[in-house]
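Reader: I'd like to learn how to read strand pairing and burial in a model like this one. Can you walk me through it?

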Amino acid sequence: MSSSIPRTAAVAAVVSAALAAGLLAGSASASAEDGAGVRIHDIQGTTRVSPLVGQQVTGVTGIVTGVRAYGSRGFWIQDPTPDANPATSEGLFVFTSSVPTVPTVAVGDAVSVNGTVTEYVPGGLASGNQSLTQLSKPVVTVVSQGNPVPAPVTISSWSVPDAYAPAGDPAADGSINGLTLKPRKYALDYYESLEGTNVRIGTSRVVGATDPYAELWVTVKPWENANRRGGTVYGSYEDQNTGRLQVQSLVPTAQQPFPEANVGDVLAGATEGPLDFNQYGGYTLTARTLGTVVDRGLKRETTDRQHRNELAVATYNVENLDPTDPQEKFDALAKAVVENLASPDIVALEEIQDDNGAKNDGTVSAGQTVKKFTDAIVAAGGPAYEWRSVDPENNKDGGEPGGNIRQVFLFNPARVSFTDRPGGDATTATGVTGRKGHAALTVSPGRIDPANTAWADSRKPLAGEFVFRGRTVFVIANHFGSKGGDESIVSHHQPPNRSSEAKRLLQAQAVNGFVKQLLAVEKQADVLVVGDINDFEFSGTTKALTAGGALYPAVKSLPRGERYSYVYQGNSQVLDQILTSPGIRHFEYDSVHINAEFADQDSDHDPQVLRFRP
């Protein structure tokens with residue numbers, strides 16, 4: 001939560017560097033000659049960057065509409081007599097963390113402020129985030145107290161445009177910073193035109209559960225890509241869901257706990273306060289007055305149990321599980337495997353850490369981690385799973401330093417057998433062999449092409465050969481590279497730069513190539529590619545995985561409203577997938593929603609289950 005991350009006094013240096021690089025080019029409409037008599041809308045201007053950036057201004061007047069006494073400290077002021085231009089905001093943040101003596105102001109104070117106009121980029125210039133116009137190093141004079149707060153602007157379904165953002169200026173590296181705001185045409189322009197302004201939302205549905213940083217997401221457009229459980233589904237790069245808005249509280253949690261809400265709950269009544277912009281979510285209503293959460297009773301899902309002649313295969317990201325985690329986490333995850341997933345025959349786990357977790361001492365084995373988990377599954381009434389994996393090289397597979405996350409196969413020996421072929425280790429690649437139309441792995445379990453640079457500092461795919469009712473089934477467990485480094489959808493670049501896709505594209509091509517090797521030997525081989533793909537079902541990554549008809553993303557068999565395994569910034573979206581080879585013609589697929597929509601989570605991912613008859 002960016003409001004808990006203090007801004008440093010280096011704002012001016014950041015702005016200077018940005019100006020030199022042409023990243024924060026303001027409009028040329030500044031009219032104040034000496035910075036005196038400037039009003040808030042003069043500072044905000046008609047673009048995302050102030051025409052007065054870097055200038056000293058004096059006598060900026062307004063009514064205090066909100067005070068933040070924690071994190072990035074400061075207060076918002078608003079001009080009670082706005083101009084007639086809908087593109088110019090009448091609100092402004094006054095950043096006080098940089099001054100030795102913090103001014104004492106209260107909501108309703110009329111103030112006059114001297115300071116420097118700056119553009120703060122949450123997350124830094126490399127993040128690609130838009131900037132927040134603010135006054136830094138302020139000198140504040142309280143003129144009067146007890147004034148009425150300017151009436152809020154109501155953000156509603158009819159006020160937010162359906163189009164998300166203008167296309168970036170090709171001459172400015174795709175940036176929208178220098179473009180004149182069109183708040184009636186584009187949602188991002190609409191929100192930017194209200195930056196710092198006192199805004200209000202009415203009763204709204206929660207689309208992102210309360211997180212550990214005391215914030216949640218709502219939508220002001222209840223029909224926008226809604227699903228049956230109350231979320232808002234992200235189904236393409238061009239359909240970003242414009243009604244989403246993050247909500248925080250200006251009241252410190254020690255003074256008033258932030259309400260716990262799940263997806264589908266309702267934030268009822270009026271929520272009102274200044275509109276901020278931060279690193280983790282962009283435009284955020286920082287509530288002076290917070291509505292009341294109404295529990296709509298969202299339940300965790302349970303999948304169907306497989307029939308006797310059906311093989312059930314699941315994938316589950318267990319979020320950095322290691323023996324130092326509390327027993328309660330192991331028990332909760334185990335209960336989910338048994339009760340919500342109906343004890344699948346094969347479970348591919350992602351983010352199993354080594355036997356001492358993040359302690360960076362060279363340990364790479366995970367036997368204690370897996371034993372503690374499988375013991376918990378038995379205690380929960382589940383099968384006595386056996387397991388297979390390949391230990392990684394120390395600190396070579398990404399994730400938390402020292403944690404050595406990897407994929408692990410669990411399998412129920414009463415239902416399915418594992419074909420062991422020795423020789424697998426961190427650096428040895430498994431291959432494809434076979435004759436008379438029957439494919440086999442040279443090493444099982446084994447890693448796919450571990451020397452390929454696509455897997456540098458990333459988890460290598462784990463391939464295993466299983467037998468169910470006399471039929472061989474190949475399962476490839478994956479945990480592709482993360483989206484770290486990608487710009488958010490509120491970036492000043494439109495469309496945003498998604499730099500992490502390049503690595504996942506190479507990874508997908510490697511897995512696709514391996515599957516094609518299997519199919520070249522055995523055309524009707526049963527192959528399942530499973531795991532945390534870290535990308536959407538419509539992404540280039542998924543297209544590369546399925547190239548040449550080698551695989552089909554099973555999540556696409558679900559109605560569009562049910563295609564998600566993760567909720568990020570109020571968007572329900574796909575990250576975890578199971579893909580099937582052409583030989584698997586009939587199957588049942590279930591994204592089992594037990595985590596992502598809830599404030600109380602055992603993991604941040606929802607597990608996936610596929611049932612079929614080999």
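Author: Sure, pairing first: two strands pair if DSSP finds at least two bridges between them. Strands here are DSSP runs of E with at least two residues, helices are runs of H or I with at least four, and both are numbered from the N terminus. One caveat: this is a predicted model, where local features need pLDDT of at least 70, side-chain atom pairs count only at pLDDT 80 or more, and totals for chains, interfaces and linings use all residues. Residues are numbered from 1 along each chain as its sequence is written, and side-chain values use heavy atoms, leaving out hydrogens and water.

Reader: Which strand pairs with strand 31 over five bridges in the antiparallel sense, to take one case?

Author: Strand 15 (residues 311-321) does, and there V313 stands opposite L610 of strand 31. Strand 30 (residues 587-591) also runs antiparallel to strand 31, joined by five bridges. In that pairing D590 sits opposite V609.

Reader: Where do the side chains of strand 31 point?

Author: The general idea is that in a regular strand the side chains alternate between the two faces of the sheet. In strand 31, Q608, L610 and F612 point one way, while V609 and R611 point the other way.

Reader: And is strand 31 enclosed or open?

Author: Buried means under 20% relative accessible area, exposed means over 50%, and partly exposed is in between (1.4 Å probe, protein chains only). Five of the five residues of strand 31 (residues 608-612) are buried, so the strand is largely enclosed by the rest of the structure. Across the protein, buried residues make up 59% of the 614 residues.

Reader: What about a loop residue: is E393 buried or exposed?

Author: E393 is partly exposed, with a relative accessible area of 36%. You'll find E393 in the loop between strand 17 (386-388) and strand 18 (406-411). Taking a contact as heavy atoms within 4.5 Å, E393 touches V364, N404, A426 and T427, not counting residues up to four places away in sequence. From E393 to V609 it's 30 Å, C-alpha to C-alpha, and 216 residues in sequence.

Reader: How many helices and strands are there overall?

Author: The protein has seven helices and 31 strands. Its radius of gyration (over C-alpha atoms) is 27 Å, close to the 25 Å from the globule rule for 614 residues, so it is as compact as a globular protein of that length. That rule is 2.2 Å times the number of residues to the power 0.38.
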